[in-house]
Amino acid sequence: MLNVKDRGNLIAQFPEEDFAKKGLGAVFREKIRVTEFRDTPPEYQELVTRLLTIQADCEIGSAHIYGAKWLLRAPTADDMHQLSRMISEEVDHFRKFNRLLKEISADGMQLLRKESSERFLDALKVSELPTWSDVTAFSFLIDRVGKYQLEEFLDSSFLPLNEAALLPVIISEESQHVAYGQSKMMDLCADPKGRAEAQQALNRWYPLALDMFGRSSSRRCWRYLEWGLKRRTNAEARRDYIEEVNPQIAAMGLEIPDETAGRKYM
Ligand SMILES: [Fe+2]
Ligand SMILES: [Fe+2]
C-alpha cells in the first residue's frame, strides 16, 4: 500500500487535461490528520493553507462589511438584532477556520486587521454597504456563495474539516443569513420604490457573486478536486448557484441580471 506522500506524488503526475478525461477516479481519497499534514506533498499543504486562509478572510471580511455602517443604523431593532447576530457568527466562523490554520502552524490573525481593499475576493473589497438594500442583496447573494464554498469542503481529504461540529453548524448559520437577506429583499419589493432599490442592489452584487466562484478555466480548481479538497469545478458550482438563485429573483418580481454583464472572471 502506498503511503500518503507516494499517493500524493502519483496524483500530482496527472496533468489537468488527463484528469478531465479520467473523471473523478483520480481523486485523492485519503483522509489526512493534522499529525500527517507535514508529511503530505508541498502542493497539498499549500492548497489546504490557501483554502483555509481564503475562507477565514471571507468570514472576517463579511463581519467587517456588515458592521461598518449598518449595525447602528439598521432600520428596526429586529434588524439590528439580526445584524448583530450575523456579525458575531461571521467572527466565530473566522475563529473556527483560524483554529484550523493554527493547527497546521499557519495563522490568520493578520486577516483581522487587513484593509478591505486587500481581501482575496472582489466582493469583499468594499469598506461598507452604501444602502440598506445593499445589505439585503449582500446577504441574499454573497452569503449564499459563502454557503456554496463551505459545501465544497464536505467530506474533505483534510480530516479536521470533517469535524461534526464544524461545517454543518457554519452552513446552517450561513443558510439563515441567506434567508434573512431573502426575506428583507422581499419586504423591499412590496412597493415600487423599494423594488427599484432592490433591483439596483441586485444588479450591483449579482456579477460580484458569480465572480466569487473564480475562472471556469482555473487550473487550481482541478488541483483542489484532485486532492479531494473540493467537490465541484468552479463552473459547476457557479451553474448550480445560478439555477438556485435565479428562480428566487424571478419570484420576487425582479429582473434576473445578465449572467455575463459586469463580470471579471468568466
Ligand atoms: Fe460565515
Ligand atoms: Fe454569512
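A residue is called buried if 20 or more other C-beta atoms lie within 10 Å of its own, and exposed if 12 or fewer do. The structure above is a predicted model, and helix H8 is a convenient place to apply the term. The buried residues of H8 are Cys221, Trp222, Tyr224, Leu225 and Glu226. Just after H8 comes Gly228, which takes a positive phi of about 70°.

Some buried residues join into nonpolar cores. The largest nonpolar core has 60 residues, and those that touch the most other members are Ala137, Phe138, Leu141, Leu202, Trp205 and Ala209. Two or more residues come from each of helix H3 (42-69), H4, helix H5 (132-152), helix H6 (167-188), helix H7 (192-211), helix H8 (219-226) and helix H9 (234-251). H3 gives the most to this core, with 11 residues. To see how one core member is placed, take Ala137: leaving out residues up to four places away in sequence, Ala137 touches Met185, Ala201, Leu202 and Trp205.

The next step is to see how two helices meet. The axes of H4 and H6 come within 11 Å and cross at roughly 150°. Angles over 145 degrees count as roughly antiparallel, so H4 is roughly antiparallel to H6. On the H4 side the contact is made by Gln82, Met86, Glu89, His93 and Lys96, and on the H6 side by Ile170, Glu173, His177 and Tyr180. Sorted by class, this contact has three nonpolar, three polar and three charged residues. The spacing along each helix has a general background: an α-helix has 3.6 residues a turn, so residues three or four places apart point the same way. The crossing of H4 and H6 is left-handed.

H4 spans residues 77-103 and also holds Val91. Is Val91 buried, exposed or partly exposed? Val91 has 17 other C-beta atoms within 10 Å, so Val91 is partly exposed. Apart from neighbours within four places in sequence, Val91 is in contact with Ile60 and Ala63. Arg204 is 113 residues from Val91 along the chain, and the C-alpha atoms of the two are separated by 25 Å.

Two loops remain to be looked at. Most residues other than glycine have a negative phi. Ser105, in the loop between H4 and H5, has a positive phi near 65°. Asp155, in the loop between H5 and H6, has a positive phi near 60°. Ser105 counts as exposed because it has 11 C-beta neighbours inside 10 Å. Asp155 also counts as exposed, with 11 C-beta neighbours inside 10 Å.

Key
Residues numbered from 1 in each chain as written. Chains lettered and ligands numbered in written order. Predicted model: local features only at pLDDT ≥ 70, side-chain atom pairs only at ≥ 80, totals over all residues. Helix = DSSP H or I, 4+ residues; strand = E, 2+ residues; numbered from the N terminus. Contact = placed C-beta atoms within 7 Å. Core = buried A, V, L, I, M, F, W, Y, C linked by C-beta atoms within 7 Å. Axes fitted to C-alpha atoms, helices over the stretch in contact; angles between N-to-C directions. Parallel < 35°, antiparallel > 145°, perpendicular 65-115°, else oblique. Left-handed = near helix turned anticlockwise from the far one by under 90°. Nonpolar A, V, L, I, M, F, W, Y, C, P; charged D, E, K, R; others polar.
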